[in-house]
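Could you walk me through this structure while I have it open in my viewer? I would like to know what to select next and what is there.

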Amino acid sequence: MKRETYAEINLSNLAHNIHSFKQLLSNDTAITSVIKANGYGHGAVTIAKTLTELGIDRFAVALGQEGIELREAGLTDSSILIFTPIDEANVAEAIRNQLTMTIFTPAQAAILSQQARELQLPATVHLKVDTGMARLGARSLEEAIATLEALDTEWITVEGIYTHFANGDDLDHPEYTHQQFNTFRDIFEALEEQGYHFTFKHCCNSSATIRFPDYHLDMVRIGLGMYGYNTDSSMDGLLDIRPIMTIKSHIAHVKTVPADTPVSYGWSHYTKQPTKIATLALGYADGVPRSLSNGGQFKIRDQIVPIIGRVCMDQLMLDVSEVEEVAVGDTVLWFGDEAIGGLNLEDTCIMSNHYHYEVLCNLNQRLPRIYHN
Ligand SMILES: *Cc1c(COP(=O)(O)O)cnc(C)c1O
């Protein structure tokens with residue numbers, strides 16, 4: 001059954017965004033496309049297959065399970081880097097599926113080496129360095145060396161070394177990022193002096209790729225920018241990227257109610273005058289933040305209309321009094337590509353007090369993704 005509420009995903013815009021990023025990069029810098037969390041809600045498998053056609057052969061996800069999903073969907077030739085450490089119980093499966101693992105402790109290195117030896121299968125790793133997130137990674141040269149020394153080099157190849165910036169989007173404080181980069185460089189240079197070799201040294205996410213061209217090194221890891229958004233609105237206009245997803249719905253029911261009519265659960269809204277209300281079959285179970293109750297906006301016939309009352313699990317109500325000739329079946333747009341009338345995701349985020357990464361990732365599986373070129 002076809003649902004009239006869906007996420008329309010324009011794959012030509014994805015190609016456009018990749019092209020824009022390539023303009024920033026030298027020929028020596030590879031792209032890793034970050035497709036964790038179901039490709040930031042866009043559908044990891046279709047996004048990965050489209051990117052493969054565009055020549056991208058390196059992907060990154062957060063979890064081993066996300067890597068396996070891509071392998072099972074037929075992405076057998078690409079490199080897939082897993083950002084978080086793999087639990088001991090899953091290391092063998094990760095090796096068998098040729099997932100590139102992130103390591104940063106001697107204990108992880110020892111487990112991986114032992115399991116690769118037992119399986120008689122090679123494995124590839126990237127060494128993570130923590131230069132300022134206090135999240136994951138070796139926090140000193142000593143920790144990095146101890147990790148590398150615990151690897152059985154007969155079975156394990158160290159393909160890369162990387163770190164992650166905490167403030168790559170902060171236009172006011174580039175010094176934070178400079179400081180992290182210097183720490184990273186000191187560590188990889190010291191390791192190289194000791195004879196270690198890394199094919200891919202990398203540190204830039206989307207915002208750092210745009211803002212710090214000197215830090216591209218051998219590879220950049222782009223996520224949000226590829227989907228068409230800047231990490232921070234202060235970066236708008238720095239790179240020509242377009243949202244690739246637009247959320248569409250249609251009016252399921254429309255009616256006019258008298259003044260003083262309570263709307264939705266809890267009666268948090270009463271109409272002030274006779275009001276034309278449109279109901280959409282779209283709710284928080286699809287990913288509309290409930291905090292958009294009495295505040296969020298949609299677009300009908302080029303006019304912006306407000307949500308009234310609470311967002312329900314599967315439905316929400318709009319005040320469409322100002323829109324002439326609304327009828328059941330009319331298309332309604334939420335955020336998305338402004339070229340086709342989608343609202344700005346950033347505005348939705350300000351209204352809902354959510355982060356744009358979060359709104360995208362929260363789009364539920366129930367919401368169909370419709371792809372076109
Ligand atoms: C998510 C993630 C990225 C991609 O970040 P964007 O801001 O979406 O470009 C890059 N590197 C790491 C380690 C990540 O976790």
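Here is a short tour, going from the whole protein to the ligand and then to a few single residues.

**The whole chain**

Begin with everything on screen, and keep in mind that this is a predicted model. The protein has 373 residues, of which 54% count as buried. Colour by secondary structure and you will be looking at eleven helices and 18 strands. Turn the C-alpha trace along its principal axes, where it spans about 80 × 45 × 40 Å. Now think about how the chain folds back on itself: among contacts with a separation of 6 or more, 67% join residues 24 or more positions apart. Switch on the surface too; the protein exposes about 16600 Å², and carbon and sulfur atoms supply 47% of that area.

**The ligand**

Next, select the ligand and show what surrounds it. Which residues come nearest? There are 13 residues around the ligand, and Lys-36, Tyr-40, Ser-206, Leu-224 and Tyr-357 are the nearest of them. Three side chains are worth displaying as sticks:

- Lys-36, where an N or O atom of the side chain is 2.7 Å from an oxygen atom of the ligand.
- His-164, with a polar side-chain atom 3.4 Å from a nitrogen atom of the ligand.
- Asn-205, whose side chain has an N or O atom 3.5 Å from an oxygen atom of the ligand.

How much of the ligand does the protein bury? Taken alone, the ligand exposes 390 Å², and the protein buries 94% of that.

**Lys-36**

Stay here and centre on Lys-36, a residue that carries two annotations. An unreviewed UniProt entry gives Lys-36 the feature "modified residue: N6-(pyridoxal phosphate)lysine". The UniProt annotation "active site", also from an unreviewed entry, covers Lys-36 and Tyr-265. These two are spread over 230 residues of sequence and also spread in space, up to 34.9 Å between C-alpha atoms. From this pair, Lys-36 belongs to the lining of the largest pocket.

Look at the backbone and you will find Lys-36 in helix α2, residues 36–40. Is Lys-36 buried, partly exposed or exposed? Its relative accessible area is 27%, so Lys-36 counts as partly exposed. Leaving aside its neighbours within four places in sequence, Lys-36 is in contact with Ala-60, Val-61, Ala-62, Glu-66 and Phe-83.

**Tyr-265**

Now jump to the other residue of the "active site" annotation, Tyr-265. Look for Tyr-265 in the loop between β11 (262–263) and β12 (269–270). Its relative accessibility is 58%, so Tyr-265 counts as exposed. Beyond its neighbours within four places in sequence, Tyr-265 is in contact with Arg-310 and Cys-312.

**Arg-135 and Met-313**

Select these two together: UniProt lists Arg-135 and Met-313 for "binding site", in an unreviewed entry. Draw a distance between their C-alpha atoms and you will see how they are spread in space, up to 34.1 Å, as well as over 179 residues of sequence. Which of them is in the lining of the largest pocket? That lining takes in Arg-135 from this set.

Zoom in on Arg-135, which lies in the loop between β6 (123–128) and α7 (141–149). Apart from its neighbours within four places in sequence, Arg-135 touches Lys-128, Asp-130 and His-164. You have met His-164 already, as a residue with a polar side-chain atom 3.4 Å from a nitrogen atom of the ligand.

Then move over to Met-313, in the loop between β15 (303–308) and β16 (316–319). With a relative accessible area of 42%, Met-313 is partly exposed. Its contacts, again without the neighbours within four places in sequence, are Gly-283, Tyr-284, Ala-285, Asp-286 and Arg-366.

**A last stop: His-16**

Finish with His-16, in helix α1 (residues 11–24). Is His-16 buried or exposed? Its relative accessibility is 17%, so His-16 counts as buried. Show Asp-240, Ile-241 and Arg-242 as well, since His-16 is in contact with them once its neighbours within four places in sequence are left aside.

Terms used:
Residues are numbered from 1 along each chain as its sequence is written. This is a predicted model: local features need pLDDT of at least 70, side-chain atom pairs count only at pLDDT 80 or more; totals for chains, interfaces and linings use all residues. Side-chain values use heavy atoms; hydrogens and water are left out. UniProt positions are given in the numbering used here, feature names are shortened, and annotations may be inferred rather than shown by experiment. On a 1 Å grid over the protein atoms alone, a cavity is a set of points where a 1.4 Å probe fits but cannot get out, and a pocket is an open set with protein on both sides within 12 Å along at least five of seven lines; lining residues have an atom within 4 Å of a point. Helices (H or I, at least four residues) and strands (E, at least two) are DSSP runs, numbered from the N terminus. Contact means heavy atoms within 4.5 Å. Buried means under 20% relative accessible area, exposed over 50%, partly exposed in between (1.4 Å probe, protein chains only). A residue is near a molecule or strand if one of its heavy atoms lies within 4 Å of it. A polar contact is a pair of N or O atoms within 3.5 Å; within protein, one must be able to donate a hydrogen and the other to accept it, and residues adjacent in sequence count only if both atoms are side-chain atoms. Accessible areas come from the Shrake-Rupley method with a 1.4 Å probe; for residues, only the protein chains shown count as cover.
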